[in-house]
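Please open the model in your viewer and keep the selection panel at hand. This tour goes from one group of residues to the next, and at each stop it says what to select and what is there.

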Amino acid sequence: MTKPIIVLVHGMGNHTAPDLKTGQRGSFGKEFIDGVNKGFKHFEHLKSESIEDHASLIEIHYNDIFDKIRKDLASNGQEISSHISGTKLAGLPGVITSIINFESKLDQDDVKYTHWLDVALYKTYFGNMVRGHVAKALCDIIGNYNGRRIHIVAHSLGTSVVHDTLHQLYSGDYKEDDGIIDISTVTHKLDSVWMVANVSKLMATVLPVRDPYTSLVRPSTSKSGVCRTMYNVHHQLDPFMLPVQFIRTKEDSWIPEEYFDHYLDLETKMVTQYDTHAIKQYMEDPVVLGNFVHSVLQIPVTLAQLKKAKESYKNISLEGAASEIKTAYKDLVRGDKGSMKDFFDACSKAYELIKNKADLS
Amino acid sequence: MSKYIRNASMKALTVTLLLFMQLAFADQNDDTLCDIKIDYSPKHYIDLSKKALKLSKDICLTYGRDENITDPTIRAEYAIFGKELELAVKNKFSHIPKSVTNDLFDQLSAYSAHTQRLDKNQLISFYFSLGSSIGSMSEYGFDVISDAYTKFDPDISECNINDKPNCTSLLKELHNVVELVKKGYVQRSAKKVSEEIQALNEHWERYLKVSRAQTSLDIMVTSALNESVIKSNHLVRPMEVQYFLLHPSIVYESVPSASDGSNDDLSFAIEWIGFNFWDKNSTCLNKLIQYLWEVDCIRMPIGASLTSVYSDRPEVSDDGHGIAVHIGNSYTIGWASRHGYPGYYLSIDLYKLFQDTNDDWDNWKQKLNKMKF
């Protein structure tokens, strides 16, 4: 079979765009490739392999939409701020000056604005712009698929973007030229969707496009799901996974029981870097990479090979890091009852921990 | 008379030629979009691959012309392909014991039945995989035909008989042949949908470009009050109305009762609540009159806000309260009472006004920045 197509969708934060003219990868693509290629080293039979020899990687980049919005908001805020600074206007409500001050700083290179604000903006109508952009890019890919298998790997905020986009783009009752912009869950079916650090359920707690438990984004052989297989990947110590998790069990009747082995819940535990949310760490972990190689690249991986790779990976894990991380995140809300506020608390804790570790090193 | 006839004939000829050229180019365009190739090297199903390619082109060419594929030739071609595929695969697997192939043959019969009705929403693939996870068995099967794919072990001796094609090789090529049938249509329809999404995205870009600037609070309120835009099951166009809450801006206000020299000056304005129909294409200012008389719609973006203005001016109150009307997304005119003394103000969104001529905007910005109140 010819090389599969792997579509990469980044998460929150600043990501450089891929350059289609020069073929230069975007920052998310580079991190993904780095993680996978490093992960190959833990498997004896894959040591000399490179992901780019086995798949066509295509990045969908939407970060510049948020960048433009942030800059426009900042420009307006700065304009007004420059006129009222040093002026005492009697009776002016304090909340107004707070809004102006907040917005005038939005173009600063601060993690609050480059990461957390992406999440907040996505929940507004700007989310529609992002989904439109991703949907078009995906249709362009399908429009040139040439019979190849298409897999999507989404990370962090990208999982919510991909979930919402696929739900809006696909339809079980597709008809051409009926005025509805859609494609078919059967005719245009995707091979697999990888939700890495899946926040789609959490993001659906506010203005949901659709609850991920009832949407079309599920594995199915027929019209009730957009893909044949779905992977839900999460690290035990990823702070963003704590407030609300995407969890599906056989008892949920989410998909037919006989097809439940096409929904894979992959939990990783090993810590090789303090940023347990990073795509690189996720992809390098043999639990994720082994299954990825086996099912996406169609290169056989046995349980014995996986066991050896895990041992090799364990050798590079950071000693004591897991308990340090557990302590740092001990106050975070866990379970299924969390809110977006709990998510932002997790963001702050994670940022604090990673920054402290970076300062020490 | 003959001159008129000649002219009329020339016109008719021109129109016919234009129509012919249009159709010819449309066909050429369709042919290009449906010009697919076999991108694998057929070993086991050479004739079927050629037939699959032709069928794929034929189905592809119905796009936009025959939604339900009523053409009996294509329907028959599809049904015959299903039957021939069933026979060819059974023939290729004849050396493999029935205990191994039973399920495959059942599925082929079901696929053959499936091809009796050609539905663009049900163009199915033949799935073949090493398995969805490490340790799971390999799988094959047609989409839709059953709720799960068939598990099998491709390494069993029955599947690997010397000098005969093995199961894996036969199933991989079966995947390719079946995929080829749908490839033309899948690619063409996805490209068409991509064009439709592009048009939709242009509406959103236009929204960003021409609508009134909003603060983050306005954005949140507009999103919450236009929930249907976000919660839609499909990709949708931008909302028609923008909402404003505690929206700050700078206005140029005239207060006749203020001391000489401070009558006309900049003020700070707050829109407590407001709305704006930003898209001239979806507004009709004279809708009521339209019901009564046949007149054209006057289309113009329009909105209104409850607004207060603040500035430090001698002899009048620092704050005034009133209303503002927003016209054309860039202009605001308003009235405010400063404890009985009226003030009139005007605001122009210079950024929107000069967004295509940055030099002018920069000049205005410099002038404005020098002004303080």
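A disulfide is a pair of cysteine sulfur atoms within 2.5 Å. Keep in mind throughout that this is a predicted model.

**Stop one: the disulfides of chain B**

Begin by selecting C159(B) and C167(B), which are joined by a disulfide with an S to S distance of 2.0 Å. The torsion about this S-S bond is about -85 degrees, so the disulfide is left-handed. If you then display the surface, you can check that C159(B) is buried, with a relative accessible area of 1%, and that C167(B) is also buried, at 3%.

Next, select C34(B) and C60(B), where another disulfide is found, again with 2.0 Å from S to S. The link between C34(B) and C60(B) is left-handed, with -80 degrees about the S-S bond. This pair connects distant parts of the chain, since C34(B) sits in the loop between α1 (2–33) and α2 (46–61) of chain B, while C60(B) belongs to helix α2 of chain B, 26 residues apart. C34(B) is buried, with a relative accessible area of 2%, and C60(B) is buried as well, at 0%.

Now move on to C284(B) and C297(B), which form a disulfide with their sulfur atoms 1.8 Å apart. The link of C284(B) and C297(B) is left-handed, with -110 degrees about the S-S bond. C284(B) is in the loop between β5 (264–277) and α8 (287–292) of chain B, and C297(B) is in the loop between α8 and β6 (302–310) of chain B, so the disulfide ties together parts that are 13 residues apart in sequence. Is C297(B) buried or partly exposed? With 23% relative accessibility, C297(B) counts as partly exposed, whereas C284(B), at 18%, is buried, because buried means under 20% relative accessible area.

How many disulfides does the structure hold over all chains? There are three over all chains, and when the bonded cysteines of chain B are numbered in sequence order, their pairing reads 1-2, 3-4, 5-6.

**Stop two: cysteines of chain A**

Select C139(A) and ask why the sulfur of C139(A) has no bond to the sulfur in C60(B). The sulfur in C60(B) is the closest cysteine sulfur, yet it lies 15 Å away, too far for a bond. C139(A) counts as buried, at 0% relative accessibility. Then select C227(A), which is in no disulfide either, the nearest cysteine sulfur being that of C139(A) at 16 Å. C227(A) also counts as buried, with 0% relative accessibility.

**Stop three: salt bridges**

Over all chains, the count comes to 28 salt bridges, and the tour visits some of them here. Select D34(A) and K38(A), whose side chains meet in a salt bridge with 3.7 Å from N to O. D34(A) and K38(A) are four residues apart in helix α1 (residues 27–40) of chain A, so about one helical turn separates them. D34(A) is partly exposed, at 29% relative accessibility, and K38(A) is partly exposed with a relative accessible area of 35%. Add K280(A) to the selection, and you have a network of salt bridges that links D34(A), K38(A) and K280(A).

Continue to D191(A) and R228(A), which meet through their side chains in a salt bridge of 2.9 Å, N to O. This pair links distant parts of the chain, with D191(A) in strand β6 (residues 190–196) of chain A and R228(A) in strand β7 of chain A, 37 residues apart. D191(A) is buried, with a relative accessible area of 6%, and R228(A) counts as buried at 5%.

Then turn to chain B and select K151(B) and E139(B), which form a salt bridge whose closest N and O atoms are 2.8 Å apart. K151(B) lies in strand β3 (residues 150–152) and E139(B) in strand β2 (residues 138–142) of chain B, so the salt bridge ties together parts that are twelve residues apart in sequence. K151(B) is partly exposed at 34% relative accessibility, whereas E139(B) is buried at 1%.

**Last stop: a charged patch**

Finally, select E251(A), E257(A), E258(A) and D147(B), which gather in a patch of negative charge on the surface. E251(A) is found in the loop between β7 (227–235) and β8 (263–268) of chain A, and it counts as exposed, with 66% relative accessibility.

Methods
Residues are numbered from 1 along each chain as its sequence is written. Chains are lettered from A and ligands numbered from 1 in the order in which they are written. This is a predicted model: local features need pLDDT of at least 70, side-chain atom pairs count only at pLDDT 80 or more; totals for chains, interfaces and linings use all residues. Side-chain values use heavy atoms; hydrogens and water are left out. Helices (H or I, at least four residues) and strands (E, at least two) are DSSP runs, numbered from the N terminus. Buried means under 20% relative accessible area, exposed over 50%, partly exposed in between (1.4 Å probe, protein chains only). Patches are made of residues with over 30% relative accessible area and no salt bridge: like charges are joined within 9 Å, nonpolar side chains (Val, Leu, Ile, Met, Phe, Trp, Tyr) within 5 Å. Accessible areas come from the Shrake-Rupley method with a 1.4 Å probe; for residues, only the protein chains shown count as cover. A salt bridge is a side-chain nitrogen of Lys or Arg within 4 Å of a carboxyl oxygen of Asp or Glu. Lys and Arg count as positive and Asp and Glu as negative; His and the chain ends are not counted. The place of a charge is taken as NZ of Lys, CZ of Arg, CG of Asp or CD of Glu.
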